[in-house]
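Student: I am new to this structure and would be grateful for a close look at one part of it, the aromatic pairs. Please set them in the context of the whole protein.

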Amino acid sequence: MAYDTNNIFARILRGEIPCKKVYEDEYTLAFHDISPQAPVHVLVIPKGAYVSMDDLAANGSDREIAALYRAVSKVAHDLGVAAEGYRFLVNCGVNGGQEVPHLHVHIFGGRRLGRMIQIA
Ligand code: AMP
């Protein structure tokens, strides 16, 4: 799938739409999900134009891939959910339930999450 430069997260990265930022570095941006599904629900996105985790794995640099994982861990620690545990989740494509076509890692925490998040 070609990258849509007008997707909502691309617009957040360009500063055209506000977000509740929790972390930013050279390669990543993290912000609160607008419709939280848990007491802590944050999205971590790469600054690069990647549609999905598949796209990042195929076309991203090792630095970008490492930065995304490190940002997820840092954000979980910074938001205080790492000690008691949390979930990170990436929806990929139609069957995965991906709605926004810019790669994003969900971080859920702050309560017992059960075995899986149910997506209707
Ligand atoms: P997914 O179904 O994995 O593509 O998840 C997309 C997520 O983006 C959902 O959890 C939405 O609540 C969230 N979302 C959509 N628009 C915004 C926005 N402007 N700011 C923050 N989160 C958003």
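Tutor: The protein has 4 helices and 5 strands, and this is a predicted model. Read from the N terminus, the order of these elements is α-β-β-β-α-α-β-α-β. The C-alpha atoms occupy a box of roughly 35 × 30 × 30 Å along the principal axes. A compact globule of 120 residues would have a radius of gyration near 14 Å, and the protein agrees with this because its own value is 14 Å. Of the 120 residues, 39% are buried. Among contacts between residues at least 6 apart in sequence, 53% join residues at least 24 apart.

Against this background the aromatic rings may be considered. A pair of aromatic rings is described by the distance of the centres and the angle of the planes. Rings count as a pair if their centres lie within 6.5 Å, and by this rule there are 2 aromatic pairs. One of them joins F9 and F31: the ring centres are 5.5 Å apart and the planes stand at 70°, so the arrangement is edge-to-face, given that angles over 60 degrees fall in that class. F9 belongs to helix α1, which covers residues 8-13, while F31 belongs to strand β2, residues 28-32; the pair therefore ties together parts that are 22 residues apart in sequence. As for accessibility, a residue is buried when its relative accessible area is under 20%. F9 has 7% relative accessibility and so counts as buried. F31, at 3%, likewise counts as buried.

The other pair is formed by Y69 and F88, which also meet edge-to-face, with 6.2 Å from centre to centre and 90° between the planes. This pair links distant parts of the chain: Y69 is in helix α3 (residues 62-78) and F88 is in strand β4 (residues 86-89), 19 residues apart. Y69 has a relative accessibility of 49% and therefore counts as partly exposed. F88, with 42%, also counts as partly exposed. In burial, then, the F9 and F31 rings belong to buried residues, whereas Y69 and F88 are partly exposed.

Finally, the surface and the charges complete the picture. The accessible surface of the protein is about 7,400 Å², and 51% of this area belongs to carbon and sulfur atoms. There are 12 positive and 13 negative side chains, with the centres of the two sets 7 Å apart.

Definitions and conventions: Residues numbered from 1 in each chain as written. Predicted model: local features only at pLDDT ≥ 70, side-chain atom pairs only at ≥ 80, totals over all residues. Heavy atoms only, no water. Phe/Tyr/Trp six-rings, centres within 6.5 Å; stacked < 30°, edge-to-face > 60°. Helix = DSSP H or I, 4+ residues; strand = E, 2+ residues; numbered from the N terminus. Buried < 20%, exposed > 50% of the residue type's maximum accessible area, 1.4 Å probe, protein only. Rg over C-alpha atoms; globule rule 2.2 N^0.38 Å. Contact = heavy atoms within 4.5 Å. Areas by Shrake-Rupley, 256 points an atom, 1.4 Å probe, with all protein chains shown as cover. Lys, Arg positive; Asp, Glu negative; His and termini not counted. Charge placed at Lys NZ, Arg CZ, Asp CG, Glu CD.
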